[in-house]
Amino acid sequence: MKKLLYLSVCALMAAMTLASCEKKEGGEPTPEPTPGQLATPTLTVQNESYASFDVLISQVANATSYIYRLKDAEGAQIDSASTSERLISFTELTANTTYTIDVKAVSNDPATYPDSEWATATATTTEAPDFLNMTVYLSESPSQGAYKYNAVFMDLSGTDVKTLRLATFLTSEFEGMTEEEVIEYLVSEPNTDASSFAADINGGGTTLFMSGLEAETSYTVAAYATNSQGATTYKTGEATTEKVPENSAELQNWVGTWTASSTERFVVDIDDAGQYLDLHTDATSMEDITLTMSVYEGLYNTVAIDGWSYSGVYPILGQLDVTTGALNILCDIAVGNADAEGYVPTLGPWCSLTGSSQPENLVTGFDYGLSFTLSGNTATSTAQSSGLQGGGECVVKTVDVFAISGTSYSVYAEEFPQYAPAGTITITKASSSEMKVQKLDDSRNFITAPNAVTFARMSNFLIANR
C-alpha cells in the first residue's frame, strides 16, 4: 500500500509539473468570470477651458462600453451617448458655467454583469478670453463721404473672431433696450452680419463706419461676435456727431456748369430684351458732355455732379479736400435705397486690371476713384490705383452707379446714353452759378424709378486687395 501510495503521489506531482509547464508556455490562465454588478467607474475631469473639457473614465473589469449624460447648470440634459472610449471630450460649451457629468459602465452580457451605478462629476468652464476689441469714435478725416458730422467709426481687432454682427442705434432708443433684446436684434437681422471682415479683424484689425447719420446726435454701436470654439462676446461704444460747419468758400469754385471730354468711353452693351451683355471701356473718342455741379446737402463739402452717371438717375458725388483743394470722386458710397433683395445703388469704380483673368471689372476698396485739381477753369483727372491679390494692379477708369449686394452686382440704368466719361477726363468750367443745394431723396430710388431696367446680376464681384 505504501508503494502504491508513493506511485500515486509521484503521478500527481508529475501531473502538476506538466500543468506548470503548460502555464509557462501559454501564459497566465484566464480566470473564470465572477458574476455580479459592474464596479462604479471613477471620473477625472481634465483640460477645462472656456468652451470645453475632457472626462477620463477609469477602466472597469468586464465592462464593454460606457453610457454618459451631460447636464447644464439648471440640470437639463443637453447630451447623452454610449461609447467604448474612456476619454470623452465635451466642446462648444458656455464659458464660466458648471456642468454635471454622469457615467455608468455596461456590458454586452447584462444578465451576468448588470450595469454599474452612475458615477457623477462636475466641471466648470473658465472665463472666455476677450477675443474682440472695439473702439467707437468720430473721425477727423473724411473717408468715402463719412465724416464726424454724419458718421461714427469703429476700430475692430481680435483673435479667432469667426462671425461679427454690428448695428448702430440712436442712443436714446438703445438705452431703453436690454442686452438680451439687443443681441436678439443683432442675430435676427439678416443685413448686419460682417463675418466677411473676420479675416481682417484677426489679421491686424480693420476700420468700419456707419454713415448717413444726423449731426449733433448720440449713437451707440453694438457688436456681437463668436469665435471658432462657440464662445460669444458683446461690446458697445457711443459717440456723438458734431455740428456741420458751413461749406468752405473753396467749394464755390466747383459749383456751376462744366464741359467734359475724355480719352475713352464707358459702355454697357444691351440686347434686344434689355438685358446686360457686357461692360467695357472703349478707346474711341467720345463727344463732349455737359456736367452740372451743385452743393450736395447730404455730405459736408460735397457736390453732386449731374450728367456723368450712366444710370441717368443718380449723380456722381465729389468731395472737396480742403487741404489740397482737390475734388475727389467718391466710391463705395450708397446713393439710393436698397431693394427687397438687398441691392443698393452705390458709386462703384470701374477698373482696368493687369495680372488678372478679367482685364476690366467693378471693384471695391477705394475711398475715391478719380481726383481733379483745378487750375484756372480746367481740371484733368488723376486715377487712383491699387495692388491686386496675387499680383497685378487695378487702375480706375471711371466711377458710375451699380446696384451692389454683399456678393454680386447689377448694372442699373433708367435711360441708356451711349457712353459715360472714362480714362483721362478733362473738365472745363463753362459758367458759375450760385450755391444751390441738392439732396438725394426717395424719388431717386432705383426700385421705383420709371422705365427702370434691371440687368442680369453677375457673381464676378472682385475685391481689390489694398
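This talk walks through a predicted model of a single protein chain, from its overall make-up to a few selected residues.

Good morning, colleagues. I shall begin with the chain as a whole. Four helices and 31 strands are found in the chain. It has 466 residues, and 43% of them count as buried. If we take the contacts between residues at least 6 apart in sequence, 69% of these join residues at least 24 apart. The exposed surface of the chain comes to about 23600 Å², with carbon and sulfur atoms supplying 48% of that area.

Let me turn to the sheets. As general background, strands of a sheet pair through backbone hydrogen bonds, in either a parallel or an antiparallel sense. One open sheet here consists of four strands, in the order β4-β3-β6-β7, and its pairing is antiparallel. The edges are occupied by β4, residues 77-83, and β7, residues 119-124; each has a single partner strand, so one side of each is left without a neighbour in the sheet. On average, and with direction ignored, neighbouring strands of this sheet are turned by 20° against each other. Within it, strand β3, residues 65-71, pairs with strand β6, residues 98-106, over seven bridges in the antiparallel sense. As a point of reference on the display, Ile67 has Lys104 in β6 as its bridge partner.

A further open sheet has three strands, ordered β8-β9-β11, again with antiparallel pairing. Here β8, residues 132-137, and β11, residues 206-210, are the edge strands; because each has a single partner strand, one side of each is left without a neighbour in the sheet. The twist from one strand to the next averages 25°. Strand β9, residues 152-158, is joined to β11 by five bridges in the antiparallel sense, and Met154 has Leu208 in β11 as its bridge partner.

Next, the interior. Which residues touch the most other members of the largest nonpolar core? They are Trp254, Trp308, Phe372 and Ile427, in a core of 42 residues. Strand β16, residues 289-296, contributes the largest share of this core, namely five residues. Leaving aside residues up to four places away in sequence, Trp308 touches a set of residues that includes Leu291, Ile316, Ile329, Leu370 and Phe372. Asp400 and Pro421 are also among the residues that Trp308 touches. There is also a second, separate core of 22 residues, which includes Leu132, Met154, Val161 and Ile201.

Two of the contacts of Trp308, Ile329 and Phe372, lead us to strand β19, residues 327-330. Both faces of β19 are covered: Leu327 and Ile329 are buried on one side, while Asn328 and Leu330 are buried on the other. In a regular strand, side chains alternate between the two faces of the sheet. On the pairing side, strand β18, residues 316-320, meets β19 in the antiparallel sense over three bridges, with Asn328 in β19 as the bridge partner of Gln319. The hairpin of β18 and β19 has six residues between the strands, and there Gly325 adopts a positive phi near 85°. β19 also pairs with strand β23, residues 368-372, in the antiparallel sense over four bridges; in that pairing, Leu327 stands opposite Phe372.

I come now to a helix. Which residues of α3, residues 179-188, are buried? They are Val182, Ile183 and Leu186. Viewed down the axis of α3, these buried residues fall within an arc of 95°, so they line one face of the helix. The general rule is that an α-helix has 3.6 residues a turn, so residues three or four places apart point the same way. Glu180 and Glu184 are exposed on the other side of α3. The elements covering the buried residues of α3 include β10, α2, β12 and β13.

Finally, two residues deserve attention for their backbone geometry. Asn47 is not a glycine, yet its phi is positive, at about 55°. Asn47 lies in the loop between β1, residues 43-46, and β2, residues 53-57. Its relative accessibility is 52%, so Asn47 counts as exposed, the cut-off being over 50%. Asn96, likewise not a glycine, has a positive phi of about 55°. Its place is the loop between β5, residues 87-90, and β6. With a relative accessible area of 46%, Asn96 is partly exposed. That concludes my presentation; thank you.

Key: Residues numbered from 1 in each chain as written. Predicted model: local features only at pLDDT ≥ 70, side-chain atom pairs only at ≥ 80, totals over all residues. Heavy atoms only, no water. Pairing = 2+ DSSP bridges. Helix = DSSP H or I, 4+ residues; strand = E, 2+ residues; numbered from the N terminus. Axes fitted to C-alpha atoms, helices over the stretch in contact; angles between N-to-C directions. Core = buried A, V, L, I, M, F, W, Y, C linked by side-chain atoms within 4.5 Å. Buried < 20%, exposed > 50% of the residue type's maximum accessible area, 1.4 Å probe, protein only. Contact = heavy atoms within 4.5 Å. Arc of directions from axis to C-beta. Areas by Shrake-Rupley, 256 points an atom, 1.4 Å probe, with all protein chains shown as cover.
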